[in-house]
Every structure is written in C-alpha cells, then in structure tokens.
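This briefing gathers a set of local features for a reader who has the sequence and the coordinates at hand. The points are grouped by topic, beginning with the charged pairs.

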Amino acid sequence: MEKEIKIYNLDFDQLKTYLFVTLFVAGNIIFPQLCHLIPNGGHIFLPIYFFTLIASYKYGMKVGVMTAVLSPAVNSILFGMPAAAVVPSIMIKSVFLAIAASWVAEKSNKVSLWSVLLVILSYQLFGSLVEWIMTGSLYAAAVDFRLGVPGMLIQWLGGFLFIKYMK
C-alpha cells in the first residue's frame with residue numbers, strides 16, 4: 001500500500017506556512033482535549049503527536065517543527081497539560097518526529113504503511129532514550145511503550161490514511 005503523494009516544503013516567507021501551522025496546532029490542541037476526557041487518555045492515545053506527524057510528512061520540516069514546538073507549549077499554557085515538567089521531553093520527541101517525518105517524505109515522495117511506521121518507531125525510540133537520559137528513569141521513559149501502543153496504532157493507520165487522502 002504505497003502511494004506517491006505531493007509533498008510540500010513550505011518556507012517561512014509564505015503565508016500558507018503559518019496558516020497550516022495554525023491548523024495543525026489547533027488539531028493538536030483539540031484532539032488531546034478529547035483524549036483527556038478518558039482517564040490516562042494522553043498516555044494511551046498520544047494525541048499531541050498526531051497532527052505533527054501529518055504536518056511534517058505533508059508540508060515539510062518548517063511546518064512540522066513549528067507545530068512540534070508550539071503544540072505542547074500552547075497546550076501546557078492554556079490547559080496545564082502536558083505538565084510543565086514534561087514539556088521538554090514531549091518537545092524533543094515532537095521535534096524529532098517532525099525531522100524524521102519530513103526527511104522520510106522528502107526522500108521517498110511516497111507514503112506507505114512502512115514509511116509511517118518507521119517514522120513513529122524512530123521518534124519513539126529516540127525520544128524515549130533522550131527521556132531516559134533526562135530523567136534517569138527507564139520506567140518513566142518507557143511510558144509510551146507501556147501505555148501508548150493504541151496511540152501509536154492511531155498515528156500509524158490514521159496518519160497514513162490522513163496523509164494519503166489529504167488534498
């Protein structure tokens with residue numbers, strides 16, 4: 001299931017860049033709010049990464065990195081979630097996700113289940129390693145692998161479908 005898609009690489013001097021960042025950050029605000037209605041919903045569904053994946057894969061590194069940085073910051077400021085103490089590790093994972101997704105998309109000009117899975121596993125493994133180094137706790141660093149498998153599956157299948165059929 002591989003499909004060649006139109007990949008955009010928007011620049012900072014384009015109004016579209018900021019419009020798309022605004023839309024994707026809004027998605028990364030609304031989706032987590034819905035998920036947090038369920039106990040441990042944030043840990044289970046990993047919603048703050050979903051639109052960062054799509055933004056980066058489809059619209060490039062600049063849109064992706066801005067979405068990756070603004071989403072947890074705005075969510076934390078407005079709603080206190082994620083907690084300020086974990087914002088740095090979420091931002092690191094998000095920025096790595098943006099870099100990995102935009103790189104894979106740029107190199108392949110295609111979206112496939114395997115390419116999206118590669119992106120998700122790479123940002124989770126790298127992010128968990130960095131979080132382990134930052135916290136000194138493998139248990140805390142592995143929370144996404146302990147609880148977040150449903151969220152990774154949503155990112156994988158939902159992200160793939162979103163990217164594939166997005167006009």
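In this predicted model, Glu2 is exposed, its relative accessible area being 55%, and its side chain forms a salt bridge with Lys110, where the closest N and O atoms are 3.6 Å apart. The pair connects distant parts of the chain, since Glu2 belongs to strand E1 (residues 2-4) and Lys110 to strand E2 (residues 110-112), with the two positions 108 residues apart in numbering. Lys110, for its part, counts as partly exposed at 31% relative accessibility.

**Salt bridges**

- The count of salt bridges in the model comes to four, and the pair of Glu2 and Lys110 is one of them.
- Asp11 and Lys62 meet through their side chains in a salt bridge with an N to O distance of 2.9 Å; this pair also links distant parts of the chain, with Asp11 in the loop between E1 and H1 and Lys62 in helix H4 (residues 61-79), 51 residues apart.
- Asp11 is partly exposed, with a relative accessible area of 34%, and Lys62 likewise counts as partly exposed, at 26%.
- Lys93 forms a salt bridge with Asp144, the closest N and O atoms lying 2.6 Å apart, and the contact ties helix H5 to helix H8 across 51 residues of the chain.
- Lys93 counts as buried at 1% relative accessibility, and Asp144 is buried as well, with a relative accessible area of 5%; salt bridges with shared partners join Lys93, Glu131 and Asp144 into one network.

**Largest pocket**

- The largest pocket has a volume of about 400 Å³, and 20 residues line it, of which Gly42, His43, Pro82, Val86 and Ile90 lie nearest its centre.
- Two or more lining residues come from each of H2, helix H5 (87-108) and helix H8 (143-147).
- By residue class, the lining of this pocket divides into 10 nonpolar, seven polar and three charged residues.

**Backbone features**

- Pro82, named above among the residues nearest the centre of the largest pocket, is joined to Met81 by a cis peptide bond with omega of about 5°, and Pro82 is found in the loop between H4 and H5.
- Leu46 has a positive phi of about 45° although it is not a glycine; the residue sits in the loop between H2 and helix H3 (50-59).
- Leu46 is classed as buried because its relative accessible area is 4%, which lies under the 20% cut-off.
- Asn109, also not a glycine, has a positive phi of about 55° and lies in the loop between H5 and E2; with a relative accessible area of 37%, Asn109 is partly exposed.

**Nonpolar surface patch**

- Ile30, Leu34, Leu37 and Ile38 form a nonpolar patch on the surface, and together they have about 420 Å² of accessible area.
- Within this patch, Ile38 is placed in the loop between helix H1 (15-35) and helix H2 (41-45).
- Why can Ile38 be counted in the patch although it is only partly exposed? Its relative accessible area is 41%, and membership of a patch requires over 30%, so the residue passes that cut-off.

Technical notes: Residues numbered from 1 in each chain as written. Predicted model: local features only at pLDDT ≥ 70, side-chain atom pairs only at ≥ 80, totals over all residues. Heavy atoms only, no water. Patch = residues over 30% accessible without salt bridge, like charges linked within 9 Å, V, L, I, M, F, W, Y side chains within 5 Å. Areas by Shrake-Rupley, 256 points an atom, 1.4 Å probe, with all protein chains shown as cover. Helix = DSSP H or I, 4+ residues; strand = E, 2+ residues; numbered from the N terminus. Buried < 20%, exposed > 50% of the residue type's maximum accessible area, 1.4 Å probe, protein only. 1 Å grid on protein atoms, 1.4 Å probe; cavity = no way out; pocket = protein on both sides within 12 Å on 5 of 7 lines; lining within 4 Å. Points joined across faces, edges and corners; volume = space filled by probe spheres on them. Nonpolar A, V, L, I, M, F, W, Y, C, P; charged D, E, K, R; others polar.
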